[in-house]
Amino acid sequence: MADVIKIELVTPSEMLFSDSAEMVVIPGSEGVFGVLPRHAATLANLQRGTLNVYNNGAITRRFLIDGGVADVLPERVIILAERAVDLDAVSTQHLDEQLVNATEAEAAFVNAVKEAV
Amino acid sequence: MANLKDLKTRINSVKSTQKITSAMKMVAAAKLRRAQESAEANRPYSSRMQQVISGLASKASKATAPALLVGRETVKTHLLIVVSADKGLCGGFNGSIARQTRLEIKRLEEEGKSVLLYMVGKKAADNLGREITDKIFERVENLQGSNLDYNKVDTVSHKILTGFSDTSFDHVSIIYNQFVNAITQNVVVTPLIPVQINEDQEDTGASNYEYEPDENELLEQLLPRNVTTQIYSALLESFAAELAARMTAMDNATRNAGDMIDSLTLVYNRTRQANITKELIEIISGAEAL
């Protein structure tokens, strides 16, 4: 079995993802970067973008995150995002509801989610 | 002995008090579920954030790292953020916060430090009253339950960060009730600035982090965010703890009211019987006299 790295995606309101995977691709503020097991210790600022979890060479989970920070160690990654959405589980109807009383920043994020879906 | 009518009124008034306390207990229990869920949902985020930051702080060198992370060399003024409830009737909840605050102020003043207070919630401020009027840095109310959101906390932490950077104070800690379970709340004092370094931190062995973009820019964004996160999580914990305390207090009150009703009813019945007996004796002795 291939090497895996432990990934945790956490927002202030929930733990969105906590599992091991072969690779995760993270939208860093200086550019998108992939993290494989035994990655060098890195602390990276993030920007809005999709976070892809890879298993067996294919994307298995997709999330849209709205900035945050990633703490990468050789054996695990912690991604702290202020807002994040699971792109496979989100419904457009729910997003429209959120848009109704959203602040400007939230609305921008929700629209980005819509685009990504 | 009290007359029957008085006793009846008394029993009725205790009964209606009992209805109120048991309703308050139900309301607190219902709200507690939600508050507890949101407090627990926030825990992974704030603990991970704490882990990342304290990892950073333990590696940072005193000389070059920002003051938000490692603190200032000379600490003259402490800011205490005191989190209490806006409403009473929750047992020892507000009292224990006030007591801890008083202790903390005393301890710091004995060390020759001056103290400023950021009061969140109405009750602790009322409780401490005049002792603290000259120490108040800011007061906010109505920052709990459905009124509590991340953006509002952001304004609070912004204010604190501004105060820190223009050296109104050099050290910030937060005093709040931590929610343990429905019957236990712990008063805890946690330092916010500088960051608390966890001694039992997992030794990552990775002493040289790569930073992206560079270290300073990253810390500039991360440290304020950490302050907001820690305050936010303290407020969530405190609200859950308040509801739990209210639930327990109201449960006790309801039970006490029940005991009181029982004993009053006993007195009432005895008095009624005594009256009947008295009347019977009067009738019989009246009949015998004929």
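Strand 1 of chain B, residues 77–83, is mostly covered in this predicted model: six of its seven residues are buried. The strand runs parallel to strand 2 of chain B, residues 114–120, and seven bridges join the two. Within this pairing, B:Val83 has B:Val120 of strand 2 as its bridge partner.

B:Ile81 shows what surrounds strand 1 of chain B. Apart from neighbours within four places in sequence, B:Ile81 is in contact with B:Tyr118, B:Val120, B:Val172, B:Ile174, B:Ile175 and B:Ile231. B:Ile81 also has a place in the largest nonpolar core, a set of 97 residues. Which members of this core touch the most others? They are A:Ile79, B:Ile81, B:Val82 and B:Ala240. Helix 6 of chain B, residues 215–289, supplies the largest share of the core, with 18 residues.

**The contact between the chains**

Chain A gives 22 residues to the contact and chain B gives 20 residues. On the side of chain A that touches chain B, the elements that contribute two or more residues are strand 1 (5–11), strand 2 (14–21), strand 5 (42–46), strand 8 (68–72) and strand 9 (76–81) of chain A. Strand 5 of chain A provides the largest share of that side, four residues. The composition of that side by class comprises 12 nonpolar, six polar and four charged residues.

Strand 5 of chain A also pairs across the chains: three bridges join it to strand 6 of chain B, residues 210–212, and the two strands run parallel. A:Thr42 has B:Glu210 as its bridge partner in strand 6 of chain B.

The two strand pairings described so far are set out below.

| Strands joined | Bridges | Direction | Citation |
|---|---|---|---|
| Strand 1 and strand 2 of chain B | Seven bridges | Parallel | Chain B pairing |
| Strand 5 of chain A and strand 6 of chain B | Three bridges | Parallel | Pairing between chains |

**Chain A**

Chain A contains two helices and 10 strands. In sequence order the pattern is β-β-β-β-β-β-β-β-β-β-α-α. The C-alpha trace of chain A spans about 45 × 25 × 25 Å along its principal axes. Why does a radius of gyration of 14 Å agree with a compact globule for chain A? The value agrees because a compact globule of 117 residues would have a radius of gyration near 13 Å. Of the 117 residues of chain A, 38% count as buried. Among the contacts in chain A with a separation of 6 or more, 48% are between residues 24 or more positions apart.

A:Val113 lies in helix 2 of chain A, residues 104–116. Is A:Val113 buried or exposed? A:Val113 is buried, because 23 other C-beta atoms lie within 10 Å, and the cut-off for a buried residue is 20 or more. Beyond its neighbours within four places in sequence, A:Val113 is in contact with A:Leu64, A:Val85, A:Val90 and A:Leu95. A:Ser18, by comparison, is 95 residues from A:Val113 in sequence and 21 Å from it in space, C-alpha to C-alpha.

**Confidence of the prediction**

The predictor gives the complex an ipTM of 0.83 and a pTM of 0.86. For chain B the mean pLDDT is 88, and 95% of the residues of chain B reach 70 or more. Where pLDDT is low, the predicted coordinates should not be read in detail.

How values were computed:
Residues numbered from 1 in each chain as written. Chains lettered and ligands numbered in written order. Predicted model: local features only at pLDDT ≥ 70, side-chain atom pairs only at ≥ 80, totals over all residues. Contact = placed C-beta atoms within 7 Å. Nonpolar A, V, L, I, M, F, W, Y, C, P; charged D, E, K, R; others polar. Pairing = 2+ DSSP bridges. Core = buried A, V, L, I, M, F, W, Y, C linked by C-beta atoms within 7 Å. Buried ≥ 20, exposed ≤ 12 C-beta atoms within 10 Å, placed from the backbone. pLDDT = per-residue confidence, 0-100. Rg over C-alpha atoms; globule rule 2.2 N^0.38 Å.
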